[in-house]
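Here are a few exercises to work through with the model open beside you. Try each task yourself before you read its solution.

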Amino acid sequence: MSQNNNKDDLQIIADNCSGTRRSFCKSALALGMGAATVAVPIYGGARMALYPLQQTSLSGKEYALTTLDNLDETPRLYSIVDDITDAWVSAPNQTIGNIFLRKIEKDGQVVVEAFQSVCPHAGCRIKVDMQKNPKTGENEMLFFCPCHGDVFYLNGERVDPSTAKSARSMDSLETRIEDGKVFVKFQNFRLGDAEKSPV
């Protein structure tokens, strides 16, 4: 009798343990799914919050964009491509900026001017084409912002600072020429300020 009772007791304990395991597994699964549900928006929010940091890490880096022979006085748009890496993921070959380049002669030397394609006013993409000069009324090749109508000379200066929405001229970038190649130091700048402040 005592042996049978012991067997019955052991079976009850085993049944209780199995039920406890099932209950634990269900709880753990529910907890894991809940954590995943919460983690996804937190991860997305963190990436958005830290996105400027990854851009800042690329600022100040130099890129070879073209050769001197490919340029003339008419500005041409070049994309800057690099691998973006943050604390979680890496995305190869991403366009991180677009730069206007043009070749001119200054003080008897050939130089390359580079300008950010981002309007300093509100960040719209600047274009270049034949536009009416608001000061002379003549059509000429000018930079212009399609969002708010600002126009800039090809040297990046505002055509009419008194009426321009942008508080400053286009943002110029450092360039150098080596072995016929044109290198540009990429940089982002704070929007809306009169001063050119790197970010």
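What follows is a set of three exercises on cores and salt bridges.

This is a predicted model, so to speak of local features we need pLDDT of at least 70, and side-chain atom pairs count only at pLDDT 80 or more, while totals for chains, interfaces and linings use all residues. Residues are numbered from 1 along each chain as its sequence is written, and side-chain values use heavy atoms, with hydrogens and water left out.

**Exercise 1. Find the largest nonpolar core and the strands that supply it.**

Step 1: Get the term straight. A nonpolar core is a set of buried Ala, Val, Leu, Ile, Met, Phe, Trp, Tyr and Cys residues joined through side-chain atoms within 4.5 Å. Buried means under 20% relative accessible area, exposed means over 50%, and partly exposed lies in between (1.4 Å probe, protein chains only).

Step 2: Pick out the core. The largest one has 17 residues, and those with the most contacts inside it are Leu 65, Ile 80, Ile 99, Leu 101, Val 182 and Val 184.

Step 3: Trace the strands (DSSP runs of E, at least two residues, numbered from the N terminus). At least two core residues come from each of S1 (62–67), S2 (76–85), S3 (90–106), S4 (109–116) and S10 (181–185).

Step 4: Look for another core. A second, separate one has ten residues, including Phe 100, Phe 143, Leu 154 and Met 170.

**Exercise 2. Work out which residues Leu 101 is in contact with, beyond its neighbours within four places in sequence.**

Step 1: Set the cut-off: contact means heavy atoms within 4.5 Å.

Step 2: Go through the partners. Among them are Leu 65, Leu 71, Tyr 78, Val 112, Val 182 and Val 184. The list also includes Thr 66, Arg 76 and Glu 113.

**Exercise 3. Compare two salt bridges, Glu 62 with Arg 176 and Glu 113 with Arg 102: are their residues buried or partly exposed?**

Step 1: Recall that a salt bridge puts a side-chain nitrogen of Lys or Arg within 4 Å of a carboxyl oxygen of Asp or Glu. The whole structure holds seven.

Step 2: Take Glu 62 and Arg 176, at 2.8 Å from N to O. This pair links strand S1 to strand S9 (residues 175–178), 114 residues apart. Glu 62 counts as partly exposed because its relative accessibility is 38%, and Arg 176 does too, at 31%.

Step 3: Now take Glu 113 and Arg 102, whose closest N and O atoms are 2.9 Å apart. Here strand S4 is linked to strand S3, across eleven residues. Glu 113 and Arg 102 are both buried.

Key
Helices (H or I, at least four residues) and strands (E, at least two) are DSSP runs, numbered from the N terminus.
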